[in-house]
Amino acid sequence: MSDEPDHDHSELSEVAARVRALETLLTEKGYIDTGALDAIVETYESKIGPRNGARVVARAWADPAYRERLRTDATKAIAELGYSGRQGEHMVAVENGAGVHNLIVCTLCSCYPWPVLGLPPVWYKSPPYRSRAVLEPRAVLKEFGVTLPSDMEIRVWDSTAETRYLVVPERPPGTEGFSEEQLASLVTRDSMIGTGLALAPAA
Amino acid sequence: MNGAQDLGGMMGFGPIAPEPNEPVFHAQWEGRALAVTLAVGAHHLWSIDEGRHARETLAPAEYLSKSYYDIWISGLEKLVIAHGLVTPEELATGRAATPPRALPRKLTVDRVAPSLSAGSPCDRPATASAAFRVGDKVRAREMNPKSHTRLPRYARGKTGVVEAVCGSFVFPDTSAHGQGESPQWLYTVRFTARELWGADGDLGSSVTIDAFEPYLERS
């Protein structure tokens, strides 16, 4: 645990104090190790995040054989790039295109593919998104600035078991000949949840 | 259980309000809450399903007003007491007053990376053959257990089509209550938005859920 003072707002200080008390108690009783906690925080703060998923998508765009492997066994294909484990043990990639747009949600809690996207943003875990994504996906997308043609089918994937979904957005036009690194820079976190589209390349 | 966690289709929570350039943690305690939860969880005294159940049994008003990591910590407080890791008095005072339970698997620094990258796969060998095949029409059972389930209310009683047979997996409905893994076939089932929401559903759109075999019946 850390001795740094908390900079939480006063409304949060009660929970901050509870977390600290629990950490102290569990450490004192020998159940948890402070260094391990630091390593977990550091992992999700700086090592595992949506850049991982962007590399998967860029590879799928650039390499049809990889895309096929991602379709057949996403867990294995994602592991080829070194991403695996907690909250990504059973991955499925769903591809946008051919009149279909995919959107991921977990109405029952906060299931999210950690190894490729990192920890979920607050809105993904909160009641407005969880309640509305299944009922009015088009209105939800509009709030993210995404307006789809009215004949575009929206497929919403509610993560109710241990399968974790990754959306493969459509490759933007004008990116022929781009390197995988250039392609990955166009892949946003939201485009892999389905609440966004891949970015257009800078003119 | 029909708790506040089962949010699909509810109304009145307002706009989604994504935060631009959102930090991974909004305060130091959030990171600690996550890390403590994962580190205690590494003792495998309870399953991920029991962990979820501890959160969803918070009173609805509490569940809906807490921030997400507060929900996690509130669930963890219940679990550490239920499993005899700490006493309610110790939790209230923050001071250890009883000897610890002997646990062999403390998560140490060197095990963090291997443990996170291994995860905890929950596919299990099948104990029977799958009852349904891709393309089968199935109805999600009308059921309202007071115990843990992963069949959301909005899908109950609705008819969909099996889109994928995912394999055999730990069954949350038993695993959450210490009643064993009881592996069950898992299916991805697609429902049209019109089937789920009637005329208020978006024509041409659909929702899939991942449903365990006991949740389904042939339609």
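Here are some short exercises on a predicted two-chain model, each with a worked solution.

Some ground rules come before we start. Residues count from 1 along each chain as its sequence is written, and chains are lettered from A, with ligands numbered from 1, in the order in which they are written. Because the model is predicted, local features need pLDDT of at least 70 and side-chain atom pairs count only at pLDDT 80 or more, while totals for chains, interfaces and linings use all residues.

**Exercise 1. Describe the make-up of each chain.**

Step 1: take the secondary structure, where helices (H or I, at least four residues) and strands (E, at least two) are DSSP runs numbered from the N terminus. Chain A comes to 11 helices and 4 strands. Chain B has 8 helices and 5 strands, and its elements run α-α-α-α-α-α-β-β-α-β-α-β-β from the N terminus on.

Step 2: look at the dimensions. Along the principal axes, the C-alpha atoms of chain A fill a box of roughly 55 × 35 × 35 Å, and the C-alpha trace of chain B spans about 55 × 45 × 35 Å.

Step 3: check burial. A residue is buried if 20 or more other C-beta atoms lie within 10 Å of its own, exposed if 12 or fewer, and partly exposed in between, with C-beta atoms placed from the backbone. Buried residues make up 52% of the 203 residues in chain A; in chain B, 41% of 219 residues count as buried.

**Exercise 2. Locate Thr34(A) and explain its burial class.**

Step 1: Thr34(A) sits in helix H2 (residues 34-47) of chain A.

Step 2: Thr34(A) counts as partly exposed because it has 15 C-beta neighbours inside 10 Å.

Step 3: for a sense of distance, Asn102(A) is 68 residues away from Thr34(A) in sequence and 40 Å away in space, C-alpha to C-alpha.

**Exercise 3. Trace the sheet that uses strands of both chains.**

Step 1: write down the order. The open sheet of 7 strands runs E2(A)-E3(A)-E4(B)-E3(B)-E2(B)-E1(B)-E5(B), with mixed pairing; two strands pair if DSSP finds at least two bridges between them.

Step 2: find the edges. Strand E2 (100-105) of chain A and strand E5 (216-218) of chain B each pair on one side only.

Step 3: zoom in on the place where the chains join. Strand E3 (residues 153-158) of chain A pairs with strand E4 (residues 206-212) of chain B in the parallel sense over 4 bridges. In this pairing, Val156(A) stands opposite Val207(B), and Asp158(A) stands opposite Ile209(B).

**Exercise 4. Work out what chain A brings to its contact with chain B.**

Step 1: count the residues. The contact takes 71 residues from chain A and 74 from chain B, where two residues are in contact if their C-beta atoms, placed from the backbone, lie within 7 Å.

Step 2: name the contributors. Among the elements of chain A that each supply at least two residues are helix H1 (10-28), H2 and E3. H1(A) gives the most, with 13 residues.

Step 3: sort by class. The side of chain A that touches chain B has 35 nonpolar, 16 polar and 20 charged residues. Here Ala, Val, Leu, Ile, Met, Phe, Trp, Tyr, Cys and Pro count as nonpolar, Asp, Glu, Lys and Arg as charged, and the others, Gly among them, as polar.
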